[in-house]
Amino acid sequence: MDALILVADDEPKIRSMVCEYLEKMGFRTLAVEEGTQALKVIEDQSPDLVLLDIMMPGLDGFSLAKRLLNRSSPPFLFMTARDEEADKVLGLELGADDYVTKPFSLRELTARIQAVLRRVHSAGEQRPSPRIRWKDLTVDLDAAKVTQGQQELELTAVQFQILVFFLKSPGRVWSRSQILDHVRDSQFFGYERTIDVHIKNLRKILGDEAKTPKYIETVRGLGYRLVSP
């Protein structure tokens with residue numbers, strides 16, 4: 001295990017504590033204290049995962065996440081003292097793969113990191129069927145890429161897994177808990193509200209509308225399914 005983890009936090013003790021523990025667990029680490037530095041490291045060093053504090057000077061965590069929305073970027077987790085649901089939902093809407101609240105257990109943080117990295121890895125693993133085509137979407141399972149017409153879409157690992165999950169059973173209604181069970185493993189601490197956020201973001205990327213869906217339909221009281229061709 002030699003994944004490179006970027007720790008972006010303005011508290012020196014947090015940076016030191018997290019980096020030291022992760023290095024003991026076999027990770028490589030880089031540490032910065034504000035968002036502009038984090039953005040440069042992401043561009044120059046291509047870390048495998050980013051731990052991102054929200055309340056940083058200069059470019060804060062939310063602002064940095066917005067800059068990463070429309071580009072290929074590593075998965076990231078927010079770690080923050082802000083525990084309000086609105087902050088968690090905003091973080092997920094901005095593409096975060098998970099969210100941990102300070103003070104946190106280093107063992108739990110490591111478990112969450114490992115869970116995200118496993119999902120990213122599994123999204124790129126070979127599968128029996130290399131491509132899935134549906135409407136104007138083509139999913140390359142080996143490369144973990146999705147194209148809409150001629151345009152390649154930038155999806156997070158979780159968004160990719162959800163889309164493939166739907167495409168393998170078109171027309172079937174999936175509950176939030178079933179979708180959550182598919183995208184998580186025993187170390188993933190997600191909750192059903194997370195699925196709504198990921199579906200919302202996936203629809204936005206697809207150019208879909210919840211009220212007049214072309215791709216993903218909400219089935220009231222039950223969950224979600226693909227719209228029939």
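At what angle do α6 and helix α7 pack, and how far apart are their axes? In this predicted model, helix α7 spans residues 176-183 and packs with α6 at an angle of about 120 degrees, the two axes being 10 Å apart. Angles from 65 to 115 degrees count as roughly perpendicular and those over 145 as roughly antiparallel. The arrangement of α6 and α7 is therefore oblique. The crossing in which α6 passes α7 is right-handed. On the α6 side, the residues in contact are Val158, Gln161, Ile162, Phe165 and Phe166, and they meet Gln178, Ile179, His182 and Val183 of α7. Sorted by class, this contact has 6 nonpolar and 3 polar residues, with no charged residues.

The protein chain has 229 residues, of which 50% count as buried. Its secondary structure is made up of 8 helices and 11 strands. Among the contacts in the protein chain with a separation of 6 or more, 58% come from residues 24 or more positions apart.

Two sheets are described next. Strands of a sheet pair through backbone hydrogen bonds, either parallel or antiparallel. One sheet is open and is formed by 5 strands in the order β2-β1-β3-β4-β5, with parallel pairing. The edge positions are taken by β2 (28-32) and β5 (98-101); each has a single partner strand, so one side of each is left without a neighbour in the sheet. From one strand to the next, the twist in this sheet averages 20 degrees. Within the sheet, strand β3 (residues 49-52) is paired with strand β4 (residues 76-80) in the parallel sense over 3 bridges. In this pair, Val50 stands opposite Phe76 in β4. Helix α1 (residues 12-24) lies across β1 (4-8), β2, β3 and β4. The direction of α1 makes an angle of about 170 degrees with β2.

The other sheet is also open, and its 4 strands follow the order β6-β7-β8-β9 with antiparallel pairing. Here β6 (131-134) and β9 (151-153) are the edge strands; because each has a single partner strand, one side of each is left without a neighbour in the sheet. Neighbouring strands of this sheet are turned by 25 degrees against each other on average, with direction ignored. The pairing of β6 with strand β7 (residues 137-140) is antiparallel and extends over 4 bridges. Trp134 stands opposite Leu137 in β7. Helix α6 (residues 157-167) packs on this sheet and touches β6, β7 and β8 (145-148). The direction of α6 makes about 110 degrees with that of β7. Helix α6 thus has contacts with this sheet as well as with α7.

A second pair of helices is formed by α2 and α3. Two packed helices are described by the angle between their axes and the distance between the axes. For helix α2 (residues 35-45) and helix α3 (residues 61-68), the axes come within 9 Å and cross at roughly 30 degrees. Angles under 35 degrees count as roughly parallel, and α2 is therefore roughly parallel to α3. The crossing of α2 past α3 is right-handed. Gly35, Ala38, Leu39 and Ile42 of α2 meet Leu64, Arg67 and Leu68 of α3. By class, 5 nonpolar residues, 1 polar residue and 1 charged residue take part in this contact.

Two residues in helices were examined individually. Ala65 is found in helix α3. Is Ala65 buried or exposed? The relative accessibility of Ala65 is 0%, so this residue counts as buried. Leaving aside residues up to four places away in sequence, Ala65 touches Phe76, Phe78 and Leu94. One of these, Phe76, is the residue of β4 that stands opposite Val50. Between Ala65 and Gly35, which are 30 residues apart along the chain, the C-alpha atoms are separated by 9.4 Å. Gly35 is one of the α2 residues that meet α3.

The second residue, His198, lies in helix α8 (residues 192-206). His198 has a relative accessible area of 3% and is therefore buried, the limit being under 20%. With residues up to four places away in sequence not counted, His198 touches Ala96, Val158, Gln159 and Ile162. Among them, Val158 and Ile162 are residues of α6 that also meet α7.

Key. Residues are numbered from 1 along each chain as its sequence is written. This is a predicted model: local features need pLDDT of at least 70, side-chain atom pairs count only at pLDDT 80 or more; totals for chains, interfaces and linings use all residues. Side-chain values use heavy atoms; hydrogens and water are left out. Two strands pair if DSSP finds at least two bridges between them. Axes are lines fitted to C-alpha atoms, for helices over the stretch in contact, and angles run from 0 to 180 degrees between N-to-C directions. Contact means heavy atoms within 4.5 Å. A crossing is left-handed if the near helix is turned anticlockwise from the far one by less than a right angle, and right-handed if clockwise. Ala, Val, Leu, Ile, Met, Phe, Trp, Tyr, Cys and Pro count as nonpolar, Asp, Glu, Lys and Arg as charged, and the others, Gly among them, as polar. Buried means under 20% relative accessible area, exposed over 50%, partly exposed in between (1.4 Å probe, protein chains only).
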